[in-house]
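Reader: Could you take me on a close walk through the sheet in this one, strand by strand? I'd like to know how it is put together, and then how it sits in the rest of the chain.

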Amino acid sequence: MHADHHASSILRKCVALLHSCATSIHKLQQIHAFSIRHGVPLNNPDMGKHLLFTLVSLSAPMSYAHNIFHQINNPNIFTWNTMIRGYAESENPKPATDIHRSMRLFAVEPDTHTYPFLLKAIARLIAVREGEEVHSVTVKNGFGSLVFVQNGLVHMYAACGRAESAHKLFDEMSDRNLVTWNSVINGFVLNGRPNETLTLYREMVEEGMEPDGFTLVSLLTACAELGASALGKRVHSYMFKVGFAENLHAANALLDLYAKTGNIIEAQKVFNEMKENSVVSWTTLIVGLAMNGFGVEAINLFKELERKKLLPSEITFVGVLYACSHCGMVDEGFTYLRRMKEEFGIVPRIEHHGCMVDLLGRSGLVQQAYEYIMNMPLQPNAVIWRTLLGACTMHKCSDLAEVARAQLIQLEPKHSGDYVLLSNLYASERRWLDVSKVRDTMLQQGIQKSPGHSLVELGNQVYQFTMGDTSHPQSEDIYLKLVEITKLLRLEGYVPHVANVLADIEEEEKETALSFHSEKIAIAFMLINAPSGAPITVVKNLRVCADCHLAIKLISKVYKREIVVRDRSRFHHFKDGSCTCKDYW
């Protein structure tokens, strides 16, 4: 009896120590050793449960937790859940699903905490089939109607690329909290659906739900993708109003928004006003400066990061190499690549090699770019070969273009952009028979050119235009404006760049086709509707063609407008008849 009382007393002491003193792995190990020395058996469910819970709370190695778990006699559901949670939050979440399977084999009944942890692990694994199975189980055992289980399911479907399934479940929920809204909103962001993100946000506000930092990060990400800078600025104002301006994640998302909408001055202002600049903040601004054509400024910012003894990440170096690429700094690019490996121990990823191929290609060193690819330690992917093909098109290197195309046919035979690049190269060399062959191949294989579209924001709304678009109520006025623009540009010496337009249409028709490109329609719409002198920002899903690039330069001069175009490759800042990209597009 006395021995039982002593053991019970030691157990209570150990549990109390775990709750009050175990603030580090080292202290926890001391308490664990103390319990062993004083004869508290580890297989005691109470001791094991409290030790495991503290281990997981301290993010201790799961191998330690695993060993303890397998020594516990008849672990209860709290202990099983603790293990699932531990793995769900660890570097390798896969064992969480194995633990759940074992739990079911031992006929241990789940409780309300089991599924949120399990679904978190499945979401991180992007294991949608397993998620669907768990969804079925929750419905069968009655847990499927609980809001925190439903939140886990919404998050899981969103993380697994199933935004529609997440939204369907969301619509069916009778009880929705802020976590629910954030999960479905972020799901559309993760799946590249910014319009739906903004629509859901409006619904959320209409229902009287106050956004938090997570909501704002999703909203700012959507604004960045759509180029909705005006809406982003309103979010910025709201952040100040409710005290989220100092939230590091939200501030970084705001920084990214301004960088991606071409407002680099505002991005720098946000960066300078942040109380704490993480490496993510520095990297976002470095990449933003590089993308907007401010390569020298991007490199100078990197040097400042070094002076502050901060450690750059592999993404920071993508920004630095990108800056070198867009400024034609070949020697500097290779120096930074070497330093990245030797000084910082970062092994170059495919993105870094892609920057180097782009750097050489843009500088006209196309043969060296090809040799770089052949000597890469990694297998070149389609993006690498497509970068070379783009350089070949820019510098009219037909032989190497054929080599790049042969590789792309093996890797991504249905990618329409590759055929368009090659067709443009042949057209620029007036090889009309080869142009015809490329287009015949596209027809035979059912490959369609991705339709170009351009987005502009006006009055809290994003408008989308496609080539030859007549769907807008102001279409008649827009096309009259395009006629006016063309007349004024001709007075400035503008001659349409028709070389790459289809070979089988007349010259006059070629000029008309160029006039109706989506970015020109979007700019005409903004010239009619935006306040006089206000800057115009256009987001295009494809690369700006040579003719539009030339025309927009002249529009910026004639209409005295600053025009920012973000295309698939980079930013173009047009002002007073010139562009920051120095015509390397």
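Author: What follows goes through the sheet first and then steps back to the chain and a few single residues. One thing up front: this is a predicted model, so take everything below as computed from that prediction.

Let's start with the layout. The sheet is an open one of six strands, and the order across it is 2-1-3-4-5-6, with mixed pairing. The two edge positions go to strand 2 (461–466) and strand 6, and each of these has a single partner strand, so one side of each is left without a neighbour in the sheet. Keep that order in mind, and we can step across from strand 1 to the strand 6 edge.

Strand 1 covers residues 453–458, and its pairing with strand 3 is antiparallel, over two bridges. If you want a spot to click on, try Ser454, whose bridge partner in strand 3 is Lys540.

Strand 3 itself spans residues 536–540 and is mostly covered, with four of its five residues buried. On from there comes strand 4, residues 563–566, which runs parallel to strand 3 and is joined to it by four bridges. Here a good marker is Val539, which has Arg566 of strand 4 as its bridge partner. So what makes the pairing mixed? Strand 3 shows it nicely: it pairs in the antiparallel sense with strand 1 and runs parallel to strand 4.

Next along is strand 5, residues 571–575, again mostly covered: four of its five residues are buried. Strand 4 and strand 5 run antiparallel and share four bridges. Look for Val564, which stands opposite His573 of strand 5. The link between these two strands is a hairpin, with four residues making the connection.

Then you reach the edge. Strand 6 is residues 578–579, and it pairs with strand 5 in the antiparallel sense over two bridges. Phe574 is the residue to find here, standing opposite Cys579 in strand 6. This is a hairpin too, with two residues between strand 5 and strand 6, and Asp576 in that turn has a positive phi of about 50 degrees. Strand 6, you'll recall, is one of the two edge strands, so one of its sides has no neighbour in the sheet.

Now let's zoom out. The six strands share the protein chain with 30 helices. There are 585 residues in the chain, and 50% of them count as buried. Along the principal axes, the C-alpha atoms fill a box of roughly 105 × 55 × 50 Å. If you take contacts with a separation of 6 or more, 63% of them are between residues 24 or more positions apart. As for the surface, the chain exposes about 28,200 Å², and carbon and sulfur atoms supply 54% of that. On the charge side, there are 58 positive and 62 negative side chains, and the centres of the two sets lie 4 Å apart.

A couple of places in the helices are worth a stop as well. Arg386 is found in helix 23, residues 382–395. With a relative accessible area of 16%, Arg386 falls under the 20% cut-off and therefore counts as buried. Leaving out residues up to four places away in sequence, Arg386 touches Leu408, Glu412, His415, Asp418 and Leu421. Asp477 lies in helix 27, residues 475–491, and is partly exposed at 40% relative accessibility. To get a feel for distance across the model, go from Asp477 to Thr138: they are 339 residues apart along the chain, and 57 Å separates their C-alpha atoms.

Last, the cysteines. The count of disulfides comes to zero. Cys327 is a handy example: the nearest cysteine sulfur belongs to Cys324 and is 7.6 Å away, whereas a disulfide would need the two sulfurs within 2.5 Å, so Cys327 is in no disulfide. How accessible are the cysteines Cys327 and Cys223? Cys327 counts as partly exposed, at 33% relative accessibility, whereas Cys223 is buried, with a relative accessible area of 0%.

Conventions
Residues numbered from 1 in each chain as written. Predicted model: local features only at pLDDT ≥ 70, side-chain atom pairs only at ≥ 80, totals over all residues. Heavy atoms only, no water. Buried < 20%, exposed > 50% of the residue type's maximum accessible area, 1.4 Å probe, protein only. Contact = heavy atoms within 4.5 Å. Areas by Shrake-Rupley, 256 points an atom, 1.4 Å probe, with all protein chains shown as cover. Lys, Arg positive; Asp, Glu negative; His and termini not counted. Charge placed at Lys NZ, Arg CZ, Asp CG, Glu CD. Pairing = 2+ DSSP bridges.
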